[in-house]
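Let's take a walk through this one together, going from single side chains to a whole helix face and then out to the surface. Keep the model open as you read.

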Amino acid sequence: MNPLVAVITPTKNRLKLLCETMDSVQRQSFDAWEHLVVDDRSDDGTAEEVARRAAADARVRYIRRTDEKSGANVCRNIGVKE
């Protein structure tokens, strides 16, 4: 897979909105994308939901923030590095 577009979504405990976002990305007519969901240590089922979707679509990747710094900008930067 050689995606032309990377969609980076930082998230923390926003499972409902994340599902809406992931649905929107998957509905696009352009299909040369990857979706990197960078989780800022959610505890609302985010990891399980993204894992389920990633199992069905290899373009979806789950990344969990592990370093001490947190926040949406930190998570976006992690996604860019990936």
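Is R53 buried or exposed? R53 is buried, with a relative accessible area of 9%. Buried here means under 20% relative accessible area, exposed means over 50%, and partly exposed is in between, using a 1.4 Å probe and protein chains only. Before going on, bear in mind that this is a predicted model, where local features need pLDDT of at least 70 and side-chain atom pairs count only at pLDDT 80 or more, while totals for chains, interfaces and linings use all residues. Residues are numbered from 1 along each chain as its sequence is written, and side-chain values use heavy atoms, with hydrogens and water left out.

So what does R53 do with its side chain? It meets the side chain of D23 in a salt bridge, 2.8 Å from N to O. D23 sits in helix α1 (residues 15-26) and R53 in helix α2 (residues 46-56), so this pair ties together parts that are 30 residues apart in sequence. Helices (H or I, at least four residues) and strands (E, at least two) are DSSP runs, numbered from the N terminus. Unlike buried R53, D23 is partly exposed, at 30% relative accessibility. A salt bridge, by the rule used here, is a side-chain nitrogen of Lys or Arg within 4 Å of a carboxyl oxygen of Asp or Glu, and that rule gives a count of nine.

Another of these pairs is D39 with R64, whose side chains meet at 3.5 Å, N to O. D39 belongs to strand β2 (residues 33-39) and R64 to strand β3 (residues 60-64), so the salt bridge ties together parts 25 residues apart in sequence. D39 counts as buried at 0% relative accessibility, whereas R64, at 39%, is partly exposed.

Strand β3 also holds R61, which is linked to E82 in the segment after α3 (72-81), 21 residues apart. Their side chains form a salt bridge of 2.5 Å, N to O. R61 is partly exposed, with a relative accessible area of 27%. Some salt bridges share partners, and in this way D23, E49, R52 and R53 are joined into one network.

That network brings us back to α2. Which residues of α2 are buried? They are T46, E49, V50 and R53. Look down the axis of α2 and these buried residues fall within an arc of 95 degrees, so they line one face of the helix. The arc is that of the directions from the helix axis to the C-beta atoms. As a reminder of the geometry, an α-helix has 3.6 residues a turn, so residues three or four places apart point the same way. The buried residues of α2 pack against β1 (5-11), α1, β2 and β3, with contact meaning heavy atoms within 4.5 Å. Turn to the face pointing away from that buried side and you'll find the exposed residues E48, R52 and A55.

Now for the cysteines. A disulfide is taken as a pair of cysteine sulfur atoms within 2.5 Å, and the count of disulfides is zero. C19 is in none, and the nearest cysteine sulfur, that of C75, is 17 Å away. Seen from C75, the closest cysteine sulfur is the one in C19, too far for a bond. C19 counts as buried at 18% relative accessibility, and C75 is buried as well, at 1%.

Next, check the loops for backbone angles. Most residues other than glycine have a negative phi. N13, in the loop between β1 and α1, has a positive phi near 55 degrees. R41, in the loop between β2 and α2, has a positive phi of about 65 degrees although it is not a glycine. N13 is partly exposed at 29%, and R41 is partly exposed at 35%.

Finally, the surface. L4, V5 and F30 form a nonpolar patch with about 300 Å² of accessible area together. Patches are made of residues with over 30% relative accessible area and no salt bridge, with like charges joined within 9 Å and nonpolar side chains (Val, Leu, Ile, Met, Phe, Trp, Tyr) within 5 Å. The areas come from the Shrake-Rupley method with a 1.4 Å probe, and for residues only the protein chains shown count as cover. V5 lies in strand β1 and is partly exposed, at 37%.
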